[in-house]
Amino acid sequence: MPIVLVISAPSGTGKSTLVNRLIASERDLEFSVSVTSRPPRGPEVAGRAYRFVSEERFRSMVEEGAFLEWAMVFGNLYGTPKAALEEASRRGCDILLDIDVQGAAQLIEQLPDAVTVFVLPPSRRALEERLRKRSSEKEQEIERRLGEATGEVGRYPAYKYVIVNDDVESTVEALRTILAAERSKREYMAGRIQPILKEFGIDPEEPE
Ligand code: ADP
Ligand code: 5GP
């Protein structure tokens, strides 16, 4: 079973920045491209950041059972296609999901072993500055995202790990460390260590 690494954070915390760096530097880790009814923002490229569809198309995908989880976030629909996880798994890759707190709650129900990480901004003020610096949304949208941040931060206890995105480099390093620790778990290592154990005449343990 691949590692399902789930990252959530209030909008503007720096999730996309962290996710892009992690994907660029980690082997065998794929980003799960979500489907959304929101229009592309600035330079976003279809199929890289998101798969952009109409709200009607999104709703029919829900009917077809195409999503592992989906939610309405800031007035738009977002969902993780089941196919993303299946394909990563077939390729022997772990998968990274950038999803909101509602989606993460649904995912934890279905995949309790998912490795969940909540990313906090260093302060509320820093969050506001980052949202404004990105300047990809109108003032009203920035206010809306800030307003929702409190409710999102309140959901942090549902996650296994919490990190503070103070400095990008050290935060990416923390994510790499979490992934490395998960990849060193005995169950995850079973396939790799089997031939080594055999050389010592030791039978691999039965899976639980
Ligand atoms: P999110 O995906 O969480 O909405 P982004 O990755 O778009 O957030 O980041 C929001 C803004 O904050 C961007 O301008 C980004 O360059 C900046 N940013 C991200 N991480 C940091 C950091 N650790 N320190 C300062 N600015 C940051
Ligand atoms: P943005 O519009 O800034 O790209 O994303 C807004 C929010 O939607 C972020 O909190 C992001 O994590 C969340 N999001 C992105 N993709 C998905 C998804 O597939 N499912 C859910 N539930 N949330 C998502």
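Reader: Which residue has a backbone N or O atom 3.1 Å from an oxygen atom of ligand 2?

Author: This is a predicted model. The contact here is made by the backbone and involves an oxygen atom of ligand 2. At 3.1 Å the pair falls within the 3.5 Å limit for a polar contact. The residue is Gly79.

Reader: How much of the accessible area of ligand 2 does the protein cover?

Author: On its own, ligand 2 has 510 Å² of accessible area. The space it takes is the largest pocket. The share covered by the protein is 96%.

Reader: Which side chain has an N or O atom 2.7 Å from a nitrogen atom of ligand 2?

Author: Two side chains can be told apart by the ligand atom they face. A polar side-chain atom of Arg145 lies 2.8 Å from an oxygen atom of ligand 2. The nitrogen atom of ligand 2 is instead paired with the side chain of Glu69.

Reader: How many residues of the shell around ligand 2 are charged?

Author: There are 17 residues around ligand 2, and Ser34, Arg38, Tyr50, Tyr78 and Asp98 come nearest. The shell also has 6 nonpolar and 4 polar residues. The charged ones number 7.

Reader: Why does the salt bridge between Asp94 and Arg183 tie together parts that are far along the sequence, and how many residues apart are they?

Author: The structure holds 13 salt bridges. In the one between Asp94 and Arg183, the closest N and O atoms are 2.8 Å apart. Asp94 belongs to strand β7 (residues 94-98) and Arg183 to helix α7 (residues 168-183), so the pair joins parts whose separation in sequence is 89 residues.

Key:
Residues are numbered from 1 along each chain as its sequence is written. Chains are lettered from A and ligands numbered from 1 in the order in which they are written. This is a predicted model: local features need pLDDT of at least 70, side-chain atom pairs count only at pLDDT 80 or more; totals for chains, interfaces and linings use all residues. Side-chain values use heavy atoms; hydrogens and water are left out. A residue is near a molecule or strand if one of its heavy atoms lies within 4 Å of it. A polar contact is a pair of N or O atoms within 3.5 Å; within protein, one must be able to donate a hydrogen and the other to accept it, and residues adjacent in sequence count only if both atoms are side-chain atoms. Accessible areas come from the Shrake-Rupley method with a 1.4 Å probe; for residues, only the protein chains shown count as cover. On a 1 Å grid over the protein atoms alone, a cavity is a set of points where a 1.4 Å probe fits but cannot get out, and a pocket is an open set with protein on both sides within 12 Å along at least five of seven lines; lining residues have an atom within 4 Å of a point. A molecule sits in a cavity or pocket if more than half of its atoms lie within 2 Å of its grid points. Ala, Val, Leu, Ile, Met, Phe, Trp, Tyr, Cys and Pro count as nonpolar, Asp, Glu, Lys and Arg as charged, and the others, Gly among them, as polar. A salt bridge is a side-chain nitrogen of Lys or Arg within 4 Å of a carboxyl oxygen of Asp or Glu. Helices (H or I, at least four residues) and strands (E, at least two) are DSSP runs, numbered from the N terminus.
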